[in-house]
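Subject: Structure handover

Hi,

Here is the structure I promised to pass on to you. Please have it open while you read, as my notes follow below.

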Amino acid sequence: MNTYSRITGTGSFLPPRRLSNADLASKLAAKGVETSHEWIVERTGIEARHFADPGVCSSDLALEACRNALQAAGLEPTDIDLIIVATSTPDMVFPSTACILQNKLGANGCPAFDVQAVCSGFIYALTVADAMIKTGAAKRALVVGAEVFSRILDFTDRTTCVLFGDGAGAVVLEASDTPGILASDLHADGKHVGILCVPGHVSGGQVLGNPLLKMDGQAVFKLAVGLLDAAARATLNKAGVDATDIDWLIPHQANLRIMQSTAKKLKLPMDKVIITVDQHGNTSAASIPLALDVGVRSGRVKPGELILLEGVGGGFTWGAVLLKM
Ligand code: UT7
């Protein structure tokens, strides 16, 4: 049995192709879809996103993020004894993206599996890895969020295609005598499946149903604000920590207005919130580890600081993790 798990390295990767709102708007205009930089910034805070080139998969983005995280932790791939990948855009129907990543990394032999909780995926994966480390089932885990959401966007639907981007983030989570992950809180409510989903599936050699993302944006927005607040409070309560003690809030990066509402409810000023949605768009399961890595590498997130991660997404799924860096 290990006492705690602790993040000892972070990493991230964005595919090089960056599209500003103006770049995307002009591509959409060519298809007769009308949008503007002004609308996207005002309603979402997004200014740009990155799209992977054809043939580049979630495991490719994850590989670079993991290499960066391993380097930061001073570890080799062969030191890893557990790989969990959170993704809703896997390379294949099966095997898991985690197995494909494991082989690319050269970490063959350790358990590797995917977690599917859409934009809450990294929160779920981190909680599972923490539990496995605490039981002694693992000592050094790679926990990854990786997505190529550009592959499941309907570029004729302006209400969704301007919101998402591709990317990956990873952490090394190690057994430790000192904290570490202090508390977490996970939830799901399947009655909301229909408001955010990709309903298509593979059957008899064909894709049946719509394989592109559908969202009722306003319904998601309203649910997200309340659920993020509930998860944040439940997690803080479990650890006996006051919201004012948090050094950094790192929420899922979907919409700046959701992040502002969440911070306001916790009475946290926006300068305690790491924001990457402006440059990355919504990268689903990758958004939280990407933002964490940006926070660490920019020198804002420092060892010993108290961080609250929180996510919400399709399912509906939601949750939060409180940790000490
Ligand atoms: O990671 C999963 C979690 N996902 C989210 O958190 C997303 C949550 N939802 C949202 O972020 C917001 O609801 C959106 C950004 C998706 C939409 O913002 P909104 O303020 O709720 O806008 P709306 O849907 O009420 O649309 C307002 C207007 C509509 O026009 P009319 O009917 O007022 O004439 C839309 O047709 O804006 C129009 N519109 C656009 N106009 C230009 C919608 N999308 C666009 C667009 N460009 N891309």
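To start with a backbone detail: in which loop is Pro 95 found? Pro 95 is in the loop between β4 (82-86) and α4 (97-105). Please keep in mind that this is a predicted model. I bring up that loop since the peptide bond joining Phe 94 and Pro 95 is cis, with omega at about 5°. There is also a cis peptide bond from Pro 179 to Gly 180, where omega is near -5°. Gly 180 sits in the loop between β7 (166-176) and β8 (181-188).

While we are on the backbone, Val 118 has a positive phi, near 50°, although it is a residue other than glycine. Val 118 belongs to the loop between β5 (112-115) and α5 (121-135), and its relative accessibility of 21% makes it partly exposed. Ser 284 also has a phi near 50°, again a positive value in a residue other than glycine. You will find Ser 284 in the loop between α9 (277-280) and α10 (287-297). Ser 284 is buried, because its relative accessible area is 1% and the limit for buried is under 20%.

Now to the ligand, which I expect you will want to look at.

There are 22 residues around the ligand, and those that come nearest are Thr 35, Arg 158, Gln 218, Asn 255 and Asn 282. For the polar atoms, an oxygen of the ligand lies 2.7 Å from a side-chain N or O atom of Asn 255. An oxygen atom of the ligand is also 3.1 Å from an N or O atom in the side chain of Arg 257. On the backbone side, a polar atom of Gly 217 is 3.0 Å from a nitrogen atom of the ligand. Taken alone, the ligand exposes 960 Å², and the protein buries 74% of that.

Which elements give two or more residues to the shell around the ligand? They are α2 (37-44), α6 (158-161), α7 (217-239) and α8 (256-265). Of these, α7 gives the most, with four residues. The shell consists of 10 nonpolar, eight polar and four charged residues. Domain 1 (4-177) and domain 2 (182-324) each supply at least three residues to the shell.

Strand β1 (residues 4-13) has a couple of contacts to look up. Thr 10 is in this strand and is buried, at 4% relative accessibility. The side chain of Thr 10 makes a polar contact of 2.6 Å with the side chain of Asp 293. Gly 11 is in strand β1 too, and at 0% relative accessibility Gly 11 counts as buried. The C-alpha atoms of Gly 11 and Gly 169 are separated by 5.7 Å, with the two residues 158 apart along the chain.

Last come the cysteines. How many disulfides does the structure hold? The count is zero. Why is Cys 66 without a bond to another cysteine? The closest cysteine sulfur, in Cys 110, is 11 Å from the sulfur of Cys 66, so the two are too far apart for a bond. Cys 66 is buried, with 0% relative accessibility. Cys 99 is in no disulfide either, and the nearest cysteine sulfur, again that of Cys 110, is 8.9 Å away. Cys 99 is partly exposed, at 32% relative accessible area.

Happy to talk it through whenever suits you.

Best wishes

Technical notes
Residues are numbered from 1 along each chain as its sequence is written. This is a predicted model: local features need pLDDT of at least 70, side-chain atom pairs count only at pLDDT 80 or more; totals for chains, interfaces and linings use all residues. Side-chain values use heavy atoms; hydrogens and water are left out. A residue is near a molecule or strand if one of its heavy atoms lies within 4 Å of it. A polar contact is a pair of N or O atoms within 3.5 Å; within protein, one must be able to donate a hydrogen and the other to accept it, and residues adjacent in sequence count only if both atoms are side-chain atoms. Accessible areas come from the Shrake-Rupley method with a 1.4 Å probe; for residues, only the protein chains shown count as cover. Ala, Val, Leu, Ile, Met, Phe, Trp, Tyr, Cys and Pro count as nonpolar, Asp, Glu, Lys and Arg as charged, and the others, Gly among them, as polar. Domain bounds come from an automatic or database domain assignment. A disulfide is a pair of cysteine sulfur atoms within 2.5 Å. Buried means under 20% relative accessible area, exposed over 50%, partly exposed in between (1.4 Å probe, protein chains only).
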